[in-house]
Structures are given as C-alpha cells and as structure tokens.
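Here are my notes on this one, with the structure open alongside. I went through the sheet, the helix across it and the aromatic rings.

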Amino acid sequence: MIPVSFITNLLDFFTSSTSDKDDNPDVDVAFRLGAVGAIGDVLFEVSSFRVLTYKDFKRSTKIRIAKHEIIGQTPLLEFLGQDVEEVAFKVQLHSGLGVNPWNEYVKLLELCRNGEANYLIIATHAFGRYKWLIESVDLDVIHWGPKSSILNCECDLKLKEYARG
C-alpha cells in the first residue's frame with residue numbers, strides 16, 4: 001500500500017507554484033514507478049508491478065444562460081457566467097494487474113460519500129482551476145472470483161469542479 005504522506009507530497013508538488021519541483025524525491029520516485037495521475041489517495045499508475053489507470057476521459061465545459069421570454073418576439077438570452085466543469089472517466093481495476101479491485105473501489109466510494117474535494121492530477125498537471133468532487137461512482141463487475149471476490153471491474157466516475165478552491 002502506498003503511504004498517504006507519499007500521495008500528499010505528490011499532490012503538493014503538482015499544485016504548488018514553487019520552483020523546487022526538481023528537488024522533490026517523492027515525485028521523482030512516483031514517475032519512476034509509472035504514476036500517471038491521482039485523485040485523493042488513489043494513485044493512477046502503470047508499471048511492471050501494478051496497473052491502475054483511467055480511460056474514456058471526457059471533459060465538459062458549459063456556461064449559464066438566462067432566457068427572457070418576450071410576447072410576440074424571439075426570447076432574449078443573457079450570459080450569466082461559467083458553469084462548473086464536469087469530468088467523466090472510467091477506472092480499470094484488475095486483480096491480475098497488481099490491484100485489489102475492492103479496496104480501490106472502496107477508496108473511490110469513500111471520496112464520493114464524504115464529499116471530499118481533491119485535486120485531480122492528470123499526467124503531471126493539476127487538472128482544472130479548482131479541486132474536484134466525485135459526484136458518482138458506478139461499479140461494473142466484469143469477472144467474479146472465488147468467495148464472491150471481484151477479479152476485474154470498471155468504475156465510472158463523474159466529477160464536478162468544486163469552485164470554492
């Protein structure tokens with residue numbers, strides 16, 4: 001299991017604006033281990049020992065508009081501002097790739113249930129301007145193992161931008 005302090009240092013690295021990024025040993029180790037992103041204490045990585053990654057990544061950017069009805073005329077639209085951004089992606093959890101699918105699912109579920117805002121790290125960058133809330137986690141079990149253990153599953157995640165920072 002990856003220590004929480006390691007994840008915290010990794011997230012601090014990606015979200016900081018300081019110039020000491022080259023001197024952070026945790027980040028160097030993470031990239032040698034194949035880190036490709038993170039949210040909360042879930043580290044996405046691809047290595048010869050462990051594969052926990054995302055796919056079908058989608059981002060939605062919208063604006064807010066008010067529609068003012070006028071009798072006998074075309075309605076007038078008024079720009080109100082930006083809406084919160086949304087992100088959706090699937091997380092592949094496969095026991096044959098060094099991951100305990102149930103444990104990783106529970107981590108994602110707890111982030112959702114607790115309403116915990118976290119930075120979403122994709123590649124080497126904090127994604128978006130703010131932290132993100134996991135709005136929903138959908139579990140799709142692909143293969144069951146002995147004693148009803150999950151061998152292979154996908155989690156569909158939907159996140160919303162938490163504009164409070």
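1. Start with the helix, and bear in mind that this is a predicted model. Helix 3 (residues 101-113) lies across strand 1, strand 2 (42-46), strand 3 (51-60), strand 6 (86-94), strand 9 and strand 10 (150-162). Against strand 9, helix 3 runs at about 150°.

2. Now the sheet under discussion. It is open, has 8 strands with antiparallel pairing, and reads 8-7-1-2-3-6-10-9. Strand 8 (125-126) and strand 9 (131-144) are the edge strands, each pairing on one side only.

3. A closer look at one pairing: strand 1 (residues 35-39) and strand 7 (residues 120-122) are antiparallel over 3 bridges. Ile 39 is found opposite Leu 120 of strand 7.

4. On to the rings. There are 8 aromatic pairs in the structure. One of them is Phe 44 with Tyr 54, edge-to-face at 5.4 Å centre to centre and 75° between the planes. Phe 44 sits in strand 2 and Tyr 54 in strand 3, so this pair ties together parts 10 residues apart in sequence. Both Phe 44 and Tyr 54 are buried.

5. Next, Phe 57 and Phe 127. Their ring centres are 5.2 Å apart with the planes at 85°, so this pair is edge-to-face. Phe 57 belongs to strand 3 and Phe 127 to the loop between strand 8 and strand 9, so parts 70 residues apart in sequence are tied together. Phe 57 is partly exposed at 29% relative accessible area, whereas Phe 127 counts as buried at 16%.

6. Which residues do ring pairs link into a cluster? Phe 44, Tyr 54, Phe 57, Phe 89, Phe 127 and Trp 132.

How values were computed: Residues numbered from 1 in each chain as written. Predicted model: local features only at pLDDT ≥ 70, side-chain atom pairs only at ≥ 80, totals over all residues. Heavy atoms only, no water. Pairing = 2+ DSSP bridges. Helix = DSSP H or I, 4+ residues; strand = E, 2+ residues; numbered from the N terminus. Contact = heavy atoms within 4.5 Å. Axes fitted to C-alpha atoms, helices over the stretch in contact; angles between N-to-C directions. Phe/Tyr/Trp six-rings, centres within 6.5 Å; stacked < 30°, edge-to-face > 60°. Buried < 20%, exposed > 50% of the residue type's maximum accessible area, 1.4 Å probe, protein only.
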